[in-house]
Protein chains: 2
Amino acid sequence: MPHSDDLTARARIRDAALAEFGTQGIAGATIRGIAKRAGVSPALVQHHFGTKEGLRAACDDHVLEYYRSTTETAFERGHISDSSFLAKIYDSSQPVLDYLARALVDGTPAAATVFDEMVNLTERYFADRPGLADARTRAIVYTSMRLGGLVLHQHVARLLDVESITDAGPQLGRATLDVVSPDILPDGVADQIRKALDNYEKEEDR
Amino acid sequence: MPHSDDLTARARIRDAALAEFGTQGIAGATIRGIAKRAGVSPALVQHHFGTKEGLRAACDDHVLEYYRSTTETAFERGHISDSSFLAKIYDSSQPVLDYLARALVDGTPAAATVFDEMVNLTERYFADRPGLADARTRAIVYTSMRLGGLVLHQHVARLLDVESITDAGPQLGRATLDVVSPDILPDGVADQIRKALDNYEKEEDR
DNA sequence: CAGCATGCTGTACGTATGTATAGGCTGCTC
DNA sequence: GAGCAGCCTATACATACGTACAGCATGCTG
């Protein structure tokens, strides 16, 4: 599905850029490398996006819009349970995930925005659970922890001996449930997620 | 204390490299930039470390040795409670932390080793707690989560409005206690950490 | 004091990279 | 069919980078 030939060249370049930025880092990626991956000339990259920075900004826009649309549909369907929402993110295409992980470390504006909005969502979602720290700090720590698995995906995948962490979704979901305190989740959500994980695996077995 | 003039030029170059690699990324850092930061000529960098890759390897070695020595002293003192151990890591000098965070994402050998060893330690430390996932996967997820706060330190610091996350140690510690399930920690450890945090703050107030 | 190793610098070279420019091909409009 | 706009390429250029090399000062050794 990804990288199909029926995409416009512009879209193919953007996808290639996401992948290259994601795997090589923003500084490490090159226009020529991106062009090669997209199967076009380096000059076409410049034609569509102007400069490397412009291309990176376009990637930022794309990831941000992707993030916004997924959270929005999650909201519409009413089940903005934090986990299903984050599951959406993990269902993103690999290039988008790789880029987001890198962007969070390289400090692009979109990554900062995604982080901030996730913190805001989490803070609201967790409501007023009692704890040692204030709700805001807890939301920040929780978000950094959940995204940690994304940013460090290569190590998680390596130790689990899978190609991509998306190949170990339920396993990771269960372990996450073990690690995260049920006290900070709204009542009943933990059970809800447990059931969802079971159903997911049943469907996969068919 | 860091970056003092009484260090050998070789050590100053290494520290400068840690900082540059950490802030700019490995591909983004340049020999010239490192030399400038260290206050030496670019040629001296080459004289001491040969190539950029050699310099990076030296940084890897340094971080790995730093990590090993801190975990070792923690072992010797008998309190290899995971948290105090991770607190040690967070007490590392800023350049070392920055480098480690980048190295985990850029995928250097030392970073992979640190990750693996932390997983092993965590797995042993958590012993045989019951849970949905196996102990190994839980250790992997837990480690990725804890290191997530390190790798994403810039966003955590930004939202907490502090210069460095080391300026918010107890606050982050408390929030972490809120987020992490007490069930996976050995009995009594949560209380232990709580007390340690209180003592730490008392000492700081003096 | 001659010889030499060590730490350090200045300069130079080849290459890769971002970017600018000129031009070609296709398909549409009048 | 002439003209033109959009998509695309080939070539060229300036810069920054990693690296090689020759040389200078200092201090130690015989």
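**Exercise 1. In this predicted model, find which residues are the closest to DNA strand C, and describe how the protein meets that strand.**

Step 1. Begin with the count of neighbours: 15 residues surround DNA strand C, and the closest are A:Ile31, A:Arg32, A:Gln46, A:Lys52 and B:Ser41. Of the atoms of DNA strand C that come within 4 Å of the protein, 55% belong to sugar and phosphate.

Step 2. Next, look at individual polar contacts. On the phosphate side, an N or O atom in the side chain of B:Ser41 is 3.0 Å from a phosphate oxygen of DNA strand C, and a polar backbone atom of A:Ala29 is 3.5 Å from a phosphate oxygen of the strand. On the base side, the side chain of A:Arg32 has an N or O atom 2.9 Å from a base nitrogen of DNA strand C.

Step 3. Then assign the surface to helices and strands of the fold. At least two residues each come from α2 (31-38) of chain A and from α3 (42-49) of chain B, and it is α3(B) that gives the most, with four residues.

Step 4. Finally, sort the surface near DNA strand C by class: six of its residues are nonpolar, six are polar and three are charged.

**Exercise 2. Work out which elements give two or more residues to the surface near DNA strand D, starting from the contacts with that strand.**

Step 1. DNA strand D is surrounded by 14 residues, the closest of which are A:Ser41, B:Ile31, B:Arg32, B:Gln46 and B:Lys52. Here sugar and phosphate make up 60% of the strand's atoms that come within 4 Å of the protein.

Step 2. Two backbone contacts reach phosphate oxygens of DNA strand D: a backbone N or O atom of B:Ile31 lies 2.9 Å from one, and a backbone N or O atom of B:Lys52 lies 2.8 Å from one. The elements that give two or more residues to this surface are α3 (42-49) of chain A together with α2 (31-38) of chain B, and the largest share, four residues, comes from α3(A).

Step 3. A base is contacted as well, since an N or O atom in the side chain of B:Gln46 is 3.0 Å from a base nitrogen of DNA strand D. By class, the surface near this strand holds six nonpolar, six polar and two charged residues.

**Exercise 3. Explain why the ring pair of B:Phe21 and B:Tyr99 is tilted, and which parts of chain B the pair ties together.**

Step 1. A pair of aromatic rings is described by the distance of the centres and the angle of the planes. Over all chains, a search of the whole structure finds six aromatic pairs. For B:Phe21 and B:Tyr99 the ring centres are 6.2 Å apart and the planes stand at 55 degrees, so the pair counts as tilted, because this class takes in angles that are neither under 30 nor over 60 degrees.

Step 2. B:Phe21 belongs to helix α1 (residues 9-24) and B:Tyr99 to helix α6 (residues 94-106) of chain B, so the pair ties together parts that are 78 residues apart in sequence.

Step 3. Both partners can be checked for burial, for which the cut-off is under 20% relative accessible area. B:Phe21, at 0%, is buried, and B:Tyr99, at 1%, is buried too.

**Exercise 4. Decide how the ring pair of B:Tyr125 and B:Phe126 is classed, and whether B:Tyr125 is buried or exposed.**

Step 1. The ring centres of B:Tyr125 and B:Phe126 lie 5.9 Å apart with their planes at 40 degrees, so this pair is tilted.

Step 2. B:Tyr125 has a relative accessible area of 19% and is buried, while B:Phe126, with 3%, is buried as well.

Step 3. In chain A, A:Tyr125, A:Phe126 and A:Tyr142 form one aromatic cluster.

Technical notes. Residues are numbered from 1 along each chain as its sequence is written. Chains are lettered from A and ligands numbered from 1 in the order in which they are written. This is a predicted model: local features need pLDDT of at least 70, side-chain atom pairs count only at pLDDT 80 or more; totals for chains, interfaces and linings use all residues. Side-chain values use heavy atoms; hydrogens and water are left out. A residue is near a molecule or strand if one of its heavy atoms lies within 4 Å of it. A polar contact is a pair of N or O atoms within 3.5 Å; within protein, one must be able to donate a hydrogen and the other to accept it, and residues adjacent in sequence count only if both atoms are side-chain atoms. Ala, Val, Leu, Ile, Met, Phe, Trp, Tyr, Cys and Pro count as nonpolar, Asp, Glu, Lys and Arg as charged, and the others, Gly among them, as polar. Rings of Phe, Tyr and Trp (its six-membered ring) pair if their centres lie within 6.5 Å; planes under 30 degrees apart count as stacked, over 60 as edge-to-face and the rest as tilted. Buried means under 20% relative accessible area, exposed over 50%, partly exposed in between (1.4 Å probe, protein chains only).
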